[in-house]
Amino acid sequence: LERDGVDTTRFTLREELASVQILVVIDEENERFPFLMPREAPSHLALFPEDLPQTLLGQFDMVHTSGLMLFEDPAASSVCGFLEKCSHAGVPVSLDINLRVETLEKDRRHLYRAMDCATYLLGSAADELMPLTGCGDAESAARCLVTEKRTVVSRLGAEGACVYTPTETFHCGGYPVRVADTLGAGDCYNSGFLYALTKGWELARANRCGCAAAALNLTKPGARNGPTEEELSAFMKEDLKREVDA
């Protein structure tokens, strides 16, 4: 992580806990079926309020988290409490819904509590937005989650992504790349989208940046193939050039 430029100064080692691993089964049609291991007492659920930086909110451009931690305490309550403080302090909150096989039928009260804090709500249209809302199509599912304070990002797989606000919709189609596998594509979309927002880019360009990051991830097998800033910038420049030439 340090080699990849991640600040690890707030990491702690708890030898009695196991870090979560995700086993992903991919079928012949490139459909993914993820499973979390271990199922009992994984380290990411042993998160307490004192583990979170309560007094440093002014130093953050944005806070991003995953719904994966919103179904069991102490993590669920700790994360929600922190997101509420961020929201009250004016710090933008990004939430990836991240419903999984293991959490699809669990109590959603903490998820809804976190959603109330979200400035940006991100999720797969088919796997998360539609099951969460009960809507039968991707657009209706996304639109019913939009509020005056909340923008919704609907990831559409090969069809790209749509960003919905109360008054506007921004669609970016999927980029035509040779797909090695789809592991990590959603997370890479998130990283590109949030990277663009921290640069002050408008939503339409941020959506394109997210789709570009996902496309670059698709070209290599495995889940740890997110593009570097230089690779993403080069791809975006080529995309802009193609658009101008067209």
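**Figure 1. Cys162, a buried residue at 8% relative accessibility.** In this predicted model, Cys162 counts as buried because its relative accessibility of 8% falls under the 20% limit. Cys162 belongs to strand 7. Leaving out residues up to four places away in sequence, Cys162 touches Val152, Val153, Ser154 and Leu156, and also Thr169, Phe170, His171 and Asn207. Arg100 serves as a point of reference: 62 residues separate Arg100 from Cys162 in sequence, and their C-alpha atoms are 21 Å apart in space.

**Figure 2. Ala161 in strand 7.** Ala161 has a relative accessibility of 0%, and therefore counts as buried. With residues up to four places away in sequence set aside, Ala161 touches Ser154, Arg155 and Leu156, then Phe170, His171 and Cys172, and further along the chain Tyr189, Asn207 and Cys211. Ser124 and Ala161 are 37 residues apart in sequence, while the distance between their C-alpha atoms is 9.0 Å.

**Figure 3. Ser154 and its surroundings in strand 6.** Strand 6 covers residues 151-155 and includes Ser154. The relative accessibility of Ser154 is 1%, so this residue counts as buried. Among the residues that Ser154 touches, not counting those up to four places away in sequence, are Gly123, Ala125, Leu129 and Ala142. The list also includes Gly160, Ala161, Cys162 and Tyr164. The contact of Ser154 with Ala161 appears again among the contacts of Ala161, and that with Cys162 among the contacts of Cys162.

**Figure 4. His44 in a loop between two strands.** His44 is found between strand 2 (32-37) and strand 3 (63-66). Is His44 buried or exposed? At 16% relative accessibility, His44 counts as buried, because the limit is under 20%. Apart from neighbours within four places in sequence, His44 is in contact with Val20, Leu68, Met69 and Ala75.

**Figure 5. The largest nonpolar core, with Leu95 and Leu111.** This core has 34 residues, and Leu95 and Leu111 have the most contacts inside it. At least two of its residues come from each of helix 1 (75-88), strand 4 (93-96), helix 2 (109-115), helix 3 (125-133), helix 4 (138-143) and strand 7 (161-164). Helix 1 provides the largest share, 6 residues. A second core of 26 residues lies apart from this one; Tyr120, Cys172, Leu232 and Met236 are among its members.

**Figure 6. The contacts of Leu95.** Neighbours within four places in sequence are left aside in this view. On one side of Leu95 in the sequence, the contacts are His64, Thr65, Ser66, Gly67 and Leu70. On the other side, they are Leu111, Ala114, Met115, Ala118, Tyr120, Leu121 and Leu122.

**Figure 7. The whole protein, with its 7 helices and 8 strands.** The C-alpha trace spans about 55 × 40 × 40 Å along its principal axes. The radius of gyration is 18 Å, which agrees with the value near 18 Å for a compact globule of 246 residues. Buried residues account for 43% of the 246 residues. Of the contacts between residues at least 6 apart in sequence, 61% join residues at least 24 apart. The accessible surface is about 13900 Å², and carbon and sulfur atoms contribute 52% of that area. The protein carries 24 positive and 38 negative side chains, with the centres of the two sets 3 Å apart.

Key:
Residues numbered from 1 in each chain as written. Predicted model: local features only at pLDDT ≥ 70, side-chain atom pairs only at ≥ 80, totals over all residues. Heavy atoms only, no water. Core = buried A, V, L, I, M, F, W, Y, C linked by side-chain atoms within 4.5 Å. Buried < 20%, exposed > 50% of the residue type's maximum accessible area, 1.4 Å probe, protein only. Helix = DSSP H or I, 4+ residues; strand = E, 2+ residues; numbered from the N terminus. Contact = heavy atoms within 4.5 Å. Rg over C-alpha atoms; globule rule 2.2 N^0.38 Å. Areas by Shrake-Rupley, 256 points an atom, 1.4 Å probe, with all protein chains shown as cover. Lys, Arg positive; Asp, Glu negative; His and termini not counted. Charge placed at Lys NZ, Arg CZ, Asp CG, Glu CD.
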